[in-house]
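Biologist: I should like to examine the labels used in an annotation, asking in each case what value stands behind the word. May we begin with the terms for secondary structure?

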Amino acid sequence: MGGFWMAFGILVAVVQGQLEKEELGMSRKEAVNLQTTTLPIADHRVFLTPTQDYMQYLVQINIGNPEQSLNVVFDTGSTKLLLFSPTFCSNENVNTTCYNEMSLKFFRDGSTDVSNEISLDGEAYYDASAANGTDITTFPIGNAKLDASSVPVLQQQLPFLLTTNFSAVSNLPGFHSIKHMAGFLGAAPAGSAYRELTDALGTSSQIYALDLELPHSVSGKYSELHLGGVDIAYQNSMEMTEAQSDYSFKIYDISVCGSTLYQESTGKTAKIDTSSACLKLPSDIFDALPNWAPIVCETINNRQQQTQCFLPGLRFPRLPHLKFRLNRDGVVFQVDLTDLIMGPESDPNSLNYLTNNETTLFRRRLCLTRGSNATDPVVFGVRALRQLYTVLDYRPGNQAVGMASKMSSDVPAEVQCARRVPCQGMQVHQSDNTCKDPDCSEYFFLELDDTDKTCNFSAAFHTITAILIVMFLTVEFSINFFHEHLTKRVHNALTPIDSPDRIDTKVETDSKANGIEMASIAQ
C-alpha cells in the first residue's frame, strides 16, 4: 500500500511540475504578447511624401544659413546624410532644390570619406566622390506633436557627405528615380543622421514606425513617420520579432498560391530598406514565382545576373499574395504582389496605373529584383510595405522589428494562380510547381522509366540475375553429385570387398553420365 501512495505522490509531483512548466511557458508567451501590446503610443507625426513614380518616400529637412528646405529619402538602410551637389543635380536633371554650397555655415575639409555607404535594394554602394561637410540641420516636425503641445527645435551641427557623381544612384536599372530628391537621410538604428537630429526628443528617437500609402491624389491618405512609438490603432495588434545588430530579422513559412516556397526552421533573413523601391527575393524563391503567378521574367545581363519581370499585356492586373510569418507560430502577413506592378512602358509615370483596375495592351514591369543566390536576404522596399504597418524599436533591451497588417481580410490572396502541375508515378511535386523525377541512381540496378516516371530494374540487372541463377544451379548440381559420389565411396570403404552390398561407383557413374547424355540428346 505504501508503494502505491509513493507512486501516486511521484505522479502528482510530475504533473505539478509539468503544469508549472506550462505555466512558465504561458507566462513567457504572455510576456511576449505584453511586449506587443505595450508599445508606447507615438507622440510625433512627420508626413512623408511619395515621389510621383511611387518609388521613394521623401522627408523634409532644413539646412544651412540662409536656410534651405531639402526633400531627402528617409532611408532605413544607411546611416549617413548624403546630399547631392548642384553639379550632380544639373547633370541628372533633378527637378527639386539641391544643397547650395554658399551656405554661411557650410564647411568642407576637402577630404573624401570612402566609408560612405548607401543601401539600395539591399546592396551596399560606396561613393568615392563624396566630400565631408558640416552644416546646421533642422528636422522641422513643426506642430506634428499629437497632443498639440510645443515641439522642441530639432537642430544639430550635422556632418554630411556631398556627392558630385553618385553613380550607384544614376546607374541603377530603372528602379530608382532621383528626379525628385536631394539626397538620403540615413535612419538606420546605430549612429545615424536621423538619430543625431532627433536626440532632442529623448527616448522617442529610439523607436519609430512607418505607415506608407499611395500618393494622396490616388489614395486620399497620407504617408506618415511616427516618432516615439506606434499609432494607437495598431498598438494591440503589433507582432514583434528579435532583430540583429544590423536590424535584419528572420521570416518563416514563405508561400504563394497555397504552396510553401521556404519552410526551413532556420527561416530566411529579411531587411526593411526604405531607400529600396522594390521587393528583393533570394534566387530560389524568385525563380519559383513565375511558375505560380502570371508573370514572365527575362535575364537582361547574364554577367551581372540581372533579371526583369513583367506582367504580360492583356493580363488582368492582379497578382497573388506572398505570405510569411515573423515568428514560427505567429501571424501570417501578406505582401500583395499587385503593389509591385509599375506603369505601362508607354506611360511609366502615369498615376492611373496605381489603382490597377484596367487591363492594357502593353506589358508592365514589376518592381521585383532577384538576389544573386539563395542566401541573400529578403528586402522589403517601400512598395512591399504598403500593406504593412512597420515599427523599428531600438530602445535599450528592445532591439526588435514589428509589423501589423493593414490589409482587409476580404482581399483575395490567390488571384490568377497557376494550376498545380500533376505528377506521375514516383515524381515529387516541388515548391516551384514542377515535378522532380525520382533519383533512381541512388539504388543499384534501377533506372528511370520515362513513360511512367518510376524506377524499374535495368537490363543489366536482368543479365546479372540470369548469370547468378545459372551459377547457382551449376553449383547446386555439382554439390549434389559430389555428395552422392562421396557417400558411395565411404559406403564401399566400410563394406568388405566380397560383400554383395558394395556399389560399383564407376559403372553407376558411367550409366548416369550416359543417362545425362541421352537426356541431353532427347532434348
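Modeller: Helices are DSSP runs of H or I with at least four residues, strands are runs of E with at least two, and both are numbered from the N terminus. The model is predicted: local features need pLDDT of at least 70 and side-chain atom pairs pLDDT 80 or more, whereas totals for chains, interfaces and linings use all residues. Residues are numbered from 1 along each chain as its sequence is written, and side-chain values use heavy atoms, with hydrogens and water left out.

Biologist: Which helix gives the most to the nonpolar patch?

Modeller: Helix H7, residues 459-493, does so with four residues. The patch covers about 750 Å² and is made by Phe444, Phe445, Phe457, Ile464, Ile467, Leu468 and Met471.

Biologist: What makes such a group of residues a patch?

Modeller: Each residue must have over 30% relative accessible area and no salt bridge; nonpolar side chains (Val, Leu, Ile, Met, Phe, Trp, Tyr) are then joined within 5 Å, and like charges within 9 Å. The areas come from the Shrake-Rupley method with a 1.4 Å probe, and for residues only the protein chains shown count as cover.

Biologist: Why is phenylalanine 444 called exposed?

Modeller: Buried means under 20% relative accessible area, exposed means over 50%, and partly exposed lies in between. Phenylalanine 444 has 74%, so it counts as exposed. Its place is in the loop between strand S29 (435-436) and strand S30 (446-449).

Biologist: What makes tyrosine 194 and tyrosine 208 an edge-to-face pair?

Modeller: Rings of Phe, Tyr and Trp (its six-membered ring) pair if their centres lie within 6.5 Å; planes under 30 degrees apart are stacked, over 60 edge-to-face, and the rest tilted. This rule yields 14 aromatic pairs. For tyrosine 194 and tyrosine 208 the centres are 5.2 Å apart and the planes form an angle of 75°, which satisfies both conditions. Because tyrosine 194 lies in helix H4 (residues 193-198) and tyrosine 208 in strand S11 (residues 207-211), the pair ties together parts that are 14 residues apart in sequence.

Biologist: How do you know that tyrosine 208 also pairs with tyrosine 394?

Modeller: Their centres are 6.2 Å apart and the planes stand at 80°, so this pair is likewise edge-to-face. Tyrosine 394 belongs to the loop between strand S26 (388-393) and strand S27 (400-405), 186 residues from tyrosine 208. At 0% relative accessibility tyrosine 208 is buried, and tyrosine 394 is buried at 10%. Ring pairs link Phe74, Phe139, Tyr194, Tyr208 and Tyr394 into a cluster.

Biologist: What makes glutamate 213 and lysine 406 a salt bridge?

Modeller: The term requires a side-chain nitrogen of Lys or Arg within 4 Å of a carboxyl oxygen of Asp or Glu. Here the N to O distance is 3.2 Å, so the pair qualifies. Glutamate 213 is in the loop between S11 and helix H5 (216-219), and lysine 406 is in the loop between S27 and S28, 193 residues away. Lysine 406, at 19% relative accessibility, still counts as buried, and glutamate 213 is buried at 10%. The structure holds 11 salt bridges.

Biologist: With which glutamate does arginine 363 form a salt bridge?

Modeller: Its partner is glutamate 298, with the closest N and O atoms 3.0 Å apart. Arginine 363 counts as partly exposed because its relative accessibility is 31%, and glutamate 298 does so at 32%.

Biologist: How do you know that the charged end of arginine 363 sits over the ring of phenylalanine 310?

Modeller: The test asks for NZ of Lys or CZ of Arg within 6 Å of the ring centre and within 35 degrees of the ring normal. The charged end of arginine 363 is 3.7 Å from the centre of the phenylalanine 310 ring. Lysine 268 lies over the face of tyrosine 262 at 4.6 Å from the ring centre.

Biologist: What makes histidine 226 and tyrosine 389 a polar contact?

Modeller: A polar contact needs N or O atoms within 3.5 Å; within protein, one must be able to donate a hydrogen and the other to accept it, and residues adjacent in sequence count only if both atoms are side-chain atoms. The two side chains meet at 2.8 Å, so the distance condition is fulfilled. Histidine 226 lies in strand S12 (residues 223-227) and is buried at 3%.

Key: Buried means under 20% relative accessible area, exposed over 50%, partly exposed in between (1.4 Å probe, protein chains only).
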